[in-house]
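Here's a quick briefing to read with the model open beside you. We'll go through aromatic contacts, a pocket, a few backbone oddities and some long-range distances.

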Amino acid sequence: MAFASLAVVFVLFMAASSAPSPLYVVYQQQWHFTATTLTTVFAVYVLGMIGALLVLGALSDHLGRRPVLLSAIALEAVSMVLFLTAGSVGLLLTARLIQGIATGAAMTTLGAALSDLNPAHAPHRAGLVTGTAPTFGLGLGALGCGLLVEYGPHPTRLVYVLLLLALVVAGALLSALPETSLRRPGAARSLQPRLRIAPHLRADLLSLVPILIASWALGGLYLSLGPSVAAGLFGLANHVVGGLVVTLLTGPAFLTALALRGWPVGRTLAVSAMLLLAGTAVALTGVEAHSLTAAALGTAIAGVGFGGSALASFGTLARIAGPAERSELFSVAFVISYLAFSIPAVIAGIAATHAGLKDTFVTYAATVAALCALALLAQRLRMSRAPVTPGVPQV
């Protein structure tokens with residue numbers, strides 16, 4: 001019950017984080033701002049998240065998981081109230097910044113708490129949830145918001161009311177759960193901004209960096225500019241389509257992570273890198289040829305690679321870290337992922353304002369494809385250098 005509850009809360013936070021994506025086009029039409037401003041709104045969220053990961057990443061290792069999670073839920077609720085009352089870009093930026101802080105505090109703590117509760121008979125379950133909850137939640141939030149914007153009343157308000165109610169329920173649920181981590185001294189010292197990894201974990205994390213960057217950079221492109229590409233390049237103004245653009249990437253990612261959970265990590269990473277490369281290339285071809293079918297097919301293929309890479313990456317981290325190392329390790333991994341998620345997207349927003357949406361998308365997708373090729377090369381080099389132990393299957 002406790003494990004399942006934490007998984008649901010994880011999905012809720014990620015759904016809330018992607019819910020504004022289909023609304024960016026609406027805000028842009030109402031307030032007449034540029035693509036640069038649009039991606040800045042997107043990036044402010046990531047700025048808050050990374051700040052929280054740096055400052056609060058290890059806090060739950062000292063105070064316990066439940067106090068940090070309840071505080072994150074309260075802060076997320078504040079951001080929902082700000083979204084509800086937003087009438088300008090300034091308030092929208094403030095809401096996204098606070099939401100980023102809340103999500104950053106929650107993600108690393110949820111990853112650690114799930115690892116604490118991981119059942120002995122299913123050693124990969126925590127990694128599976130940590131790897132799939134982001135993709136499932138992102139797709140659910142974007143598609144759900146798209147449906148509400150297109151068919152529900154009060155398009156810029158209703159989704160936030162529903163999320164606020166869900167957060168109240170989540171807070172009550174977490175209040176009833178037992179604490180999973182013992183309190184230990186050093187909480188104040190842990191707030192010093194830093195990225196620290198235990199020496200014996202560094203090689204494993206470094207081997208995952210190329211695939212983390214490639215996959216999350218692609219995710220950033222779709223969540224920031226995906227709905228605008230659908231509307232501006234293909235003439236698809238329906239807001240459900242804006243949500244589907246995100247879901248077309250994250251839906252296959254979620255299903256793939258479920259399907260491949262029994263695969264060896266090395267094979268999963270190699271196949272994921274190949275599919276990310278192939279899918280991005282097909283989507284790029286579709287945009288160049290103005291073929292919606294090719295663009296959609298490429299997105300779905302890339303989504304399969306995204307899901308496999310998330311599963312293998314976060315599954316590895318959940319398995320190799322000890323209880324006192326988990327929050328810090330997840331913090332570092334999430335910082336890497338969300339820097340890749342945000343910085344290229346902001347650059348793309350600036351470029352789209354000056355060079356146009358199509359040229360920007362093509363250049364961005366080509367860069368991601370190159371990163372995927374680098375990730376594939378890095379994984380092959382890592383596997384070729386791995387020591388072979390007679391009688392032990394290689395992963």
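Helices here are DSSP runs of H or I with at least four residues, numbered from the N terminus. By that count, Ala365 falls in helix α15, which covers residues 357-385. Keep in mind that this is a predicted model.

**Aromatic pairs**

- Searching the whole structure turns up seven aromatic pairs. One of them is Tyr27 with Trp31, a stacked pair with 5.0 Å between the ring centres and 15° between the planes.
- Where do Tyr27 and Trp31 lie? Both are in helix α2 (residues 23-31), four residues apart, or about one turn of the helix.
- An α-helix has 3.6 residues a turn, so residues three or four places apart point the same way.
- Tyr27 has a relative accessibility of 1%, so it counts as buried, the cut-off being under 20%. Trp31 comes in at 21% relative accessible area and is partly exposed.
- Trp216 and Phe306 make an edge-to-face pair: 5.2 Å from centre to centre, with 85° between the planes.
- That pair links helix α10 (residues 202-234), home of Trp216, to helix α13 (residues 292-320), home of Phe306, so it ties together parts that are 90 residues apart in sequence.
- Are Trp216 and Phe306 buried or exposed? Both Trp216 and Phe306 are buried.
- Zoom out a little and Trp216 and Phe306 turn out to belong to one aromatic cluster with Tyr338 and Phe341.

**Charges over rings**

- Arg96 lies over the face of Tyr45, 4.3 Å from the ring centre.
- Arg267 does something of the kind with Trp263: the charged end of Arg267 sits over the Trp263 ring, 5.1 Å from its centre.

**Helix α12 and what follows**

- Helix α12 runs over residues 265-288, 24 residues in total. From first C-alpha to last, α12 reaches 34 Å, close to the 34 Å expected at 1.5 Å a residue.
- Ala278 is part of α12, and with a relative accessible area of 34% Ala278 is partly exposed.
- Just after α12 comes His290, with a positive phi of about 55°. His290 is in the loop between α12 and α13.

**Positive phi**

- For background, most residues other than glycine have a negative phi.
- His290 goes the other way, with a positive phi near 55° in a residue other than glycine.
- His154 isn't a glycine either, yet its phi is positive at about 50°.
- Which loop holds His154? Look between α7 (125-151) and α8 (158-175).
- His154 is exposed, with a relative accessible area of 59%.

**The largest pocket**

- How much space lies in the largest pocket? It holds about 270 Å³.
- The largest pocket is lined by 17 residues, and the closest to its centre are Val245, Leu248, Leu292, Ala296 and Thr299.
- Four helices give two or more residues to that lining: α10, α11 (239-259), α12 and α13.
- Which element gives the most to the lining of the largest pocket? That's α10, with five residues.
- The lining of the largest pocket breaks down into 15 nonpolar residues, two polar ones and no charged ones.

**Distances along the chain and in space**

- Ser18 lies in helix α1 (residues 2-18) and is buried, at 0% relative accessible area. Ser18 and Thr103 are 85 residues apart in sequence, with their C-alpha atoms 11 Å apart in space.
- Back to Ala365 in α15: this residue is buried, with a relative accessible area of 3%. From Ala365 to Ser228 it is 137 residues in sequence and 15 Å in space, C-alpha to C-alpha.
- Ala278 and Ala2 are 276 residues apart in sequence and 39 Å apart in space, again C-alpha to C-alpha.

Notes: Residues are numbered from 1 along each chain as its sequence is written. This is a predicted model: local features need pLDDT of at least 70, side-chain atom pairs count only at pLDDT 80 or more; totals for chains, interfaces and linings use all residues. Side-chain values use heavy atoms; hydrogens and water are left out. Rings of Phe, Tyr and Trp (its six-membered ring) pair if their centres lie within 6.5 Å; planes under 30 degrees apart count as stacked, over 60 as edge-to-face and the rest as tilted. Buried means under 20% relative accessible area, exposed over 50%, partly exposed in between (1.4 Å probe, protein chains only). A charge sits over a ring if NZ of Lys or CZ of Arg is within 6 Å of the ring centre and within 35 degrees of the ring normal. The expected span of a helix is 1.5 Å times one less than its number of residues. On a 1 Å grid over the protein atoms alone, a cavity is a set of points where a 1.4 Å probe fits but cannot get out, and a pocket is an open set with protein on both sides within 12 Å along at least five of seven lines; lining residues have an atom within 4 Å of a point. Grid points are joined across faces, edges and corners, and a volume is the space filled by probe spheres set on the points. Ala, Val, Leu, Ile, Met, Phe, Trp, Tyr, Cys and Pro count as nonpolar, Asp, Glu, Lys and Arg as charged, and the others, Gly among them, as polar.
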